[in-house]
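Please read the following report alongside the sequence and the structure. The headings go from the sheet and its helices to the core and then to single residues.

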Amino acid sequence: MPRKNSHDQNFKNLILDYPHQALAFFAPTEAREIDDSARITPLRQEQLKDRLGDRFRELDVPLLVEWPDGRREALLFMLEEESDPGRFSIHRLIHYCTDLSELLDTRRVVPVVIFLRSDARIPSQLSLGSERHSYLDFNYLACHLQRLPWLDHRDSDNLVARLNLPNMLWRADEKIEVYAHAIQGLLALEPSMEKRLKYIDFIDIYTDLDDNQRQLYRSRYPREDNTMTTLTERLLDEGIRKGVEKGVRLGIEQGIEKGIEQGIEKGIEQGSQAMLLKLLTRRFGPLDAATLQRLQSAHGEELDRWAGNLLDARSLQEVFERH
């Protein structure tokens with residue numbers, strides 16, 4: 001099973017890769033006015049951090065929506081993900097929204113909170129005042145993924161919805177079907193090979209199939225399984241090809257035949273190491289120093305064997321130990 005990375009980072013990547021579809025799914029009532037002419041810009045948080053102070057959370061995702069014809073003012077969406085409902089603070093959310101409103105000089109702010117897990121104790125609004133008057137009334141858009149019936153989004157053409165099928169409401173006996181429809185959505189809606197590989201990890205993390213379930217999936221959906229296996233192999237081949245090209249360039253620069261041969265051999269090896277490093281990191285998260293050293297010192301047959309193991313390995317240890 002892939003190592004579970006930060007949920008915040010997983011959702012940040014998803015929102016930044018697919019901002020239009022993220023807003024359409026997580027904030028549908030407000031996103032209806034966002035047509036194809038609207039430009040969505042992620043705000044550079046590292047620039048905002050010093051001015052927002054301690055209240056700033058690095059993994060929140062503010063998006064600025066602008067219409068080029070000037071018909072509407074810019075609209076700021078502030079999205080944050082909460083995997084643990086107990087961490088959610090509506091007071092912190094208010095601070096963040098008002099700080100951004102002041103910093104960007106706009107009152108058009110839409111706060112959106114994505115809850116990976118639901119809890120009846122999560123506050124939906126906050127009112128401040130006295131017996132006589134209410135001086136502040138605040139609420140936000142809440143997307144409780146765990147409350148959404150997966151069947152309502154099973155065939156959606158919104159990739160963000162399809163990738164989140166495993167996070168929605170489904171019965172235990174539907175788990176493999178949920179996984180399959182998420183994979184089918186990824187293959188149908190995302191043409192990029194690298195992004196397909198990136199978000200197969202997202203689906204794997206949140207579905208968390210065990211060995212028996214994965215075998216059932218392969219037997220029921222062989223075409224999708226073969227497609228993902230072929231994708232991984234193509235990316236490995238691409239890494240080797242780039243290594244060969246680099247080796248040829250190194251050899252030519254040295255200007256001797258032996259240098260070309262050595263350069264090609266070294267380039268193939270470096271390409272395999274680089275691509276395997278990339279795939280391992282995406283599958284299992286950042287690698288420790290010992291694993292990095294093991295990759296850098298590996299040669300052809302070892303790298304080939306590890307690449308083959310990666311297709312079925314459930315842990316980093318299995319990549320290096322299985323035969």
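## Helices across the sheet

In this predicted model, helix α1, which spans residues 7-17, lies across β1, β2, β3 and β4, and the helix runs at about 15° to β2. Helix α5 lies across β2, β3 and β4, and its direction makes an angle of about 150° with β3.

## The sheet and its strand order

The strands that these helices cross belong to an open sheet of 5 strands, arranged in the order β1-β2-β3-β4-β7 and with mixed pairing. At the edges stand β1 (39-42) and β7 (141-144), each of which pairs on one side only. From one strand to the next, the twist averages 20°.

Strands of a sheet pair through backbone hydrogen bonds, and they may do so in either a parallel or an antiparallel way. Strand β2, made of residues 61-66, runs antiparallel to β3, and 5 bridges join the two. Within β3, Leu76 stands opposite Leu64, while Phe77 is the bridge partner of Leu63. The pairing of β3 with β4 is in the parallel sense and extends over 7 bridges; in β4, Phe115 is the bridge partner of Glu82. Between these two strands the chain passes from β3 through α5 to β4, forming a β-α-β crossover that is right-handed.

## Strand β3 and the nonpolar cores

How many of the residues of β3 are buried? The strand, which covers residues 75-82, has 8 of its 8 residues buried, and this holds for both of its faces. On one side the buried residues are Leu75, Phe77, Leu79 and Glu81, and on the other they are Leu76, Met78, Glu80 and Glu82.

One of these residues, Phe77, also has a marked place in the largest nonpolar core, which contains 67 residues: together with Phe26, Phe77 touches the most other members. Helix α7 (residues 175-189) supplies the largest share of this core, namely 8 residues. A second core of 17 residues is separate, and Phe88, Leu93, Ile94 and Ile122 are among its members.

If neighbours within four places in sequence are left aside, the contacts of Phe77 include Leu23, Ala27, Glu30 and Ile34. Further along the chain, Phe77 is in contact with Val61, Pro62, Leu63 and Val65, and also with Val110 and Val112.

## Thr106, after helix α5

Thr106 is found in the loop that leads from α5 (90-104) to β4 (109-115). Is this residue buried or exposed? Thr106 counts as buried because its relative accessible area is 12%, which is under the 20% cut-off for buried residues.

The side chain of Thr106 reaches the backbone nitrogen of Arg108, at a distance of 3.0 Å. When residues up to four places away in sequence are not counted, Thr106 touches Ala74 and Ser101.

## Glu302, in helix α13

Elsewhere in the chain, Glu302 has its place in helix α13, which is formed by residues 300-310. With a relative accessible area of 32%, Glu302 is partly exposed, because this value falls between the cut-offs of 20% and 50%. Glu302 and Phe320 are 18 residues apart along the chain, and their C-alpha atoms are separated by 8.8 Å.

How values were computed: Residues are numbered from 1 along each chain as its sequence is written. This is a predicted model: local features need pLDDT of at least 70, side-chain atom pairs count only at pLDDT 80 or more; totals for chains, interfaces and linings use all residues. Side-chain values use heavy atoms; hydrogens and water are left out. Helices (H or I, at least four residues) and strands (E, at least two) are DSSP runs, numbered from the N terminus. Buried means under 20% relative accessible area, exposed over 50%, partly exposed in between (1.4 Å probe, protein chains only). A polar contact is a pair of N or O atoms within 3.5 Å; within protein, one must be able to donate a hydrogen and the other to accept it, and residues adjacent in sequence count only if both atoms are side-chain atoms. Contact means heavy atoms within 4.5 Å. Two strands pair if DSSP finds at least two bridges between them. A crossover is right-handed if, with the strands pointing away from the viewer, the path from the first strand over the helix to the second runs clockwise. A nonpolar core is a set of buried Ala, Val, Leu, Ile, Met, Phe, Trp, Tyr and Cys residues joined through side-chain atoms within 4.5 Å. Axes are lines fitted to C-alpha atoms, for helices over the stretch in contact, and angles run from 0 to 180 degrees between N-to-C directions.
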